[in-house]
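Work through the exercises below with the sequence and the model open. Try each task before reading its solution.

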Amino acid sequence: MSKPPVAACCTPLTEALMAEAEAAELAKVFKALADPVRLRLLNLIAASEGGEACVCDLTVPFELSAPTISHHLKVLRQAGLIDCERRGTWVYYWTNPEALTRLSGLFASPALTSGAV
């Protein structure tokens, strides 16, 4: 006596898996974000009026030295999450929209992006 076919337990994966090189690259970005100070700095920069923030305004909310804040900003910059420009004495920072969109796309639900509920 033969057994009836077994029904699939769930819908098969339809999206291609992330390549190993891409995963390694993104892991560096998440490592940069794995620090509360850096998360707060990124949030401050993203929420700044005009889309950019002067380093002089980024040191105020923290009880950290200016060199420590500079280190955290450097890590965010190296991860590609922010960019900066020196203007006279001050350095201004802004977020990299492409990097933030890429990160947000990693967690987008196919049901939500297709309009299904």
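The exercises cover the sheet, the helix packing and a pocket.

This is a predicted model, in which local features need pLDDT of at least 70, side-chain atom pairs count only at pLDDT 80 or more, and totals for chains, interfaces and linings use all residues. Residues are numbered from 1 along each chain as its sequence is written, and side-chain values use heavy atoms, with hydrogens and water left out.

**Exercise 1. Set out the strand order of the sheet and its pairing.**

Step 1. Take helices (H or I, at least four residues) and strands (E, at least two) as DSSP runs, numbered from the N terminus. Two strands pair if DSSP finds at least two bridges between them.

Step 2. Read the order. Three strands form an open sheet, β1-β3-β2, with antiparallel pairing. β1 (52-54) and β2 (82-87) are the edge strands, each pairing on one side only. From one strand to the next, the twist averages 25°.

Step 3. Check the bridges. β1 pairs with β3 (residues 90-95) over three bridges; here Glu-52 has Trp-94 as its partner in β3. β2 pairs with β3 over six bridges, and Arg-86 is matched with Val-91 of β3.

Step 4. Inspect the turn. β2 and β3 form a hairpin with two residues between them. Gly-88 in that turn has a positive phi of about 65°.

**Exercise 2. Describe how α2 packs on α4 and where α2 lies relative to the strands.**

Step 1. Fix the geometry. Axes are lines fitted to C-alpha atoms, for helices over the stretch in contact, and angles run from 0 to 180 degrees between N-to-C directions. Contact means heavy atoms within 4.5 Å.

Step 2. Place α2 on the sheet. Helix α2 (residues 36-47) lies across β1, β2 and β3 and runs at about 90° to β3.

Step 3. Turn to α4. The α2 and α4 axes are 10 Å apart, at an angle of about 75°. The two helices are therefore roughly perpendicular (65 to 115 degrees; under 35 is roughly parallel, over 145 roughly antiparallel, the rest oblique).

Step 4. List the contact. Val-37, Arg-38, Leu-41, Leu-42 and Ile-45 of α2 meet α4 residues including Ile-69, His-72 and Leu-76. By class, the contact has eight nonpolar, two polar and one charged residue. Ala, Val, Leu, Ile, Met, Phe, Trp, Tyr, Cys and Pro count as nonpolar, Asp, Glu, Lys and Arg as charged, and the others, Gly among them, as polar.

**Exercise 3. At what angle do α1 and α5 pack, and which residues make the contact?**

Step 1. The angle is about 105°, with the axes 12 Å apart. α1 and α5 are therefore roughly perpendicular too.

Step 2. α1 brings Glu-22, Glu-25, Leu-26, Val-29, Phe-30 and Leu-33. α5 brings Arg-102, Leu-103 and Leu-106.

Step 3. Sort them: six nonpolar, no polar and three charged.

**Exercise 4. Which helix gives the most to the lining of the second largest pocket?**

Step 1. Compare the helices. α1 (20-33), α4 (66-78) and α5 (97-106) each supply at least two lining residues. α1 gives the most, with six.

Step 2. Classify the lining. It divides into eight nonpolar, two polar and four charged residues.Step 3. Recall the term: a pocket is an open set of 1 Å grid points for a 1.4 Å probe, with protein on both sides within 12 Å along at least five of seven lines; lining residues have an atom within 4 Å of a point.
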